[in-house]
Amino acid sequence: MPREDLRHMDKACHLITMYTNPSAHIWKSAYKIDPSILTFHQTLPNYTSTPLHRLPQIATDLALGNVLIKDESHRFGLPAYKILGASWTIYRTVIRELGLPSTASLEEIKAAAGGKRFEYYTATEGNWGRALARMASMLGAKAHVYVLNAMLETTKSKIVHEGAEVVIVDGEYDDALKEAERISREKRGLFIADVAWEWYQEIPQWVVDGYSTMMVEIDQQTAELVGRRPDLVVCPVGAGSLAEAVVIHFKHVVPSSAVLTVEPVTAACLMTSLEAGKIASISTKDTSMCGLNCGTVSFTAWPSLRDGIDAHITVTDEEAKVAEETLKEMGILIGPCGAATLAGLTKACKEGKDEVYLNRDSVVVLIGTEAPRGAALDMA
Ligand SMILES: Cc1ncc(COP(=O)(O)O)c(C=O)c1O
């Protein structure tokens with residue numbers, strides 16, 4: 001598979017830090033979205049499409065046709081998109097356990113469970129655990145959420161408020177995952193993670209499937225706003241499950257949309273893996289982009305990311321902060337993980353616009369994955 005690394009000096013001797021994969025332009029995914037996923041999400045209380053905002057000033061500044069941002073700062077009353085994956089995954093595990101058809105409603109599930117209490121175990125940087133806890137309590141189940149000591153007290157208490165038990169773990173995010181998985185086996189509960197390993201694939205794939213509702217909405221909204229598919233979709237990366245959902249959907253037609261992914265300089269597990277040509281775990285450092293602070297790419301996401309990402313770039317906390325402030329001045333409140341996409345696009349435009357197939361007519365969709373952390377904490 002031919003691959004090219006643009007890590008070299010430009011004429012002004014700045015380090016170019018964008019990884020590109022020219023063969024991704026013609027790579028085609030075989031994935032087809034299951035329409036029952038959107039139907040399921042539509043049955044949950046308060047389902048509504050999240051907005052896709054225009055960013056005309058950014059389009060002008062970057063000399064692009066249209067720049068749009070998918071605003072995931074409110075999704076089912078939670079401050080991030082994660083509930084899309086958590087809800088579909090829990091639904092799938094419960095209907096399988098109870099032997100129900102894949103059209104079963106929440107009420108039918110509760111009735112069939114007949115008082116049986118499912119116990120779910122997971123680890124989180126915040127959003128995922130809270131979303132899982134919300135869905136578990138909706139079905140009368142219990143979530144046990146493993147978090148790092150460094151997590152803000154307010155974030156921990158938001159997870160507890162959803163009815164979950166919060167368990168503190170020393171170490172890094174990968175350690176919290178391992179501990180949650182170990183205890184789930186000991187207690188005979190179900191380990192639900194949004195990251196896969198060789199021995200754990202089905203559940204994380206359901207999480208990715210759950211994110212497809214966002215992709216369907218982007219398709220519809222982009223068509224309504226600009227009359228065509230995006231030329232480039234920009235997605236932040238932690239363990240890579242969301243990016244997998246983006247790649248497998250937007251690369252299922254040829255010519256496809258290009259995909260640019262973005263991660264923090266201090267948690268660049270995807271960049272390290274792309275450069276190594278295989279999954280490579282790293283030790284991460286603290287970042288304001290909390291949700292992206294992951295040390296290992298998800299096993300099931302890796303093949304699609306390796307083959308389907310056109311370009312990948314890292315950004316600093318400062319660059320994400322500038323992007324967050326820029327969006328705020330435009331009245332759009334998106335936290336650092338989501339703002340990282342604007343930081344990445346801005347950098348990519350400076351460092352190699354051709355490499356991400358951009359020109360004056362291009363339509364770009366940024367995925368703004370969460371509310372600013374302060375706002376997120378205030379949310380019910
Ligand atoms: C707000 C936010 N954005 C993006 C991501 C990255 O998602 P993934 O781990 O699927 O790459 C996360 C993950 O926790 C997140 O919380």
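**Notebook: strands, a buried glutamate and a helix pair**

I began with one pair of residues: L52 stands opposite K70 in β4. I note at the outset that the model I consulted is predicted.

**Entry 1. Strand β4 and its partners**

I looked up the strand that holds this pairing. Strand β3, residues 52–54, is joined to β4 by 3 bridges, and the two run antiparallel. I then turned to the other partner I had noted for β4. Strand β12, residues 363–368, runs parallel to β4, with 6 bridges between them. Within that pairing, I found V364 of β12 as the bridge partner of V67. I also asked how many residues of β4 are buried. For β4, which spans residues 66–71, the count is 5 of 6, so the strand is largely enclosed by the rest of the structure.

**Entry 2. E217**

K70 came up again when I examined E217. I located E217 in helix α9, residues 212–226. Is E217 buried or exposed? I recorded a relative accessibility of 1% for E217, and the residue therefore counts as buried, the cut-off being under 20%. I next listed what E217 touches, leaving aside its neighbours within four places in sequence. The contacts of E217 are Y47, T48, S49, T50, K70 and R75.

**Entry 3. Helices α9 and α10**

I stayed with α9 and looked up its packing against helix α10, residues 241–250. The axes of α9 and α10 are 10 Å apart, and the angle is about 50 degrees. I therefore entered α9 and α10 as oblique to each other. The crossing of α9 past α10 is right-handed. Which residues meet here? From α9 I noted M214, M215, I218 and D219; from α10, L242, A245, V246, H249 and F250. By type, the residues of this contact of α9 with α10 are 7 nonpolar, 1 polar and 1 charged.

**Entry 4. Strand β11**

I then examined strand β11, residues 311–315, and found 5 of its 5 residues buried. In a regular strand, side chains alternate between the two faces of the sheet, so I checked each side in turn. On one side of β11 lie A311, I313 and V315, and on the other H312 and T314; all are buried, and both faces are thus covered.

I also recorded the pairing of β11 with two strands. Strand β2, residues 18–20, pairs with β11 in the antiparallel sense over 3 bridges. In that pairing, Y19 has H312 of β11 as its bridge partner. Strand β10, residues 258–264, runs parallel to β11, and 5 bridges join the two. I noted P264 standing opposite V315 in β11.

**Entry 5. The open sheet of β5 to β8**

My last entry concerns an open sheet of 4 strands with parallel pairing, in the order β7-β6-β5-β8. Which strands stand at the edges? I found β7 (165–169) and β8 (190–191) there; each has a single partner strand, so one side of each is left without a neighbour in the sheet. The partner I looked up for β8 is strand β5, residues 119–123, which runs parallel to β8 and is joined to it by 2 bridges. There, L190 in β8 is the bridge partner of Y120. Finally, I noted that helix α5, residues 127–138, packs on this sheet and touches β5 and β6 (142–148). The direction of α5 makes about 170 degrees with that of β5.

Terms used
Residues numbered from 1 in each chain as written. Predicted model: local features only at pLDDT ≥ 70, side-chain atom pairs only at ≥ 80, totals over all residues. Heavy atoms only, no water. Buried < 20%, exposed > 50% of the residue type's maximum accessible area, 1.4 Å probe, protein only. Pairing = 2+ DSSP bridges. Contact = heavy atoms within 4.5 Å. Axes fitted to C-alpha atoms, helices over the stretch in contact; angles between N-to-C directions. Parallel < 35°, antiparallel > 145°, perpendicular 65-115°, else oblique. Left-handed = near helix turned anticlockwise from the far one by under 90°. Nonpolar A, V, L, I, M, F, W, Y, C, P; charged D, E, K, R; others polar.
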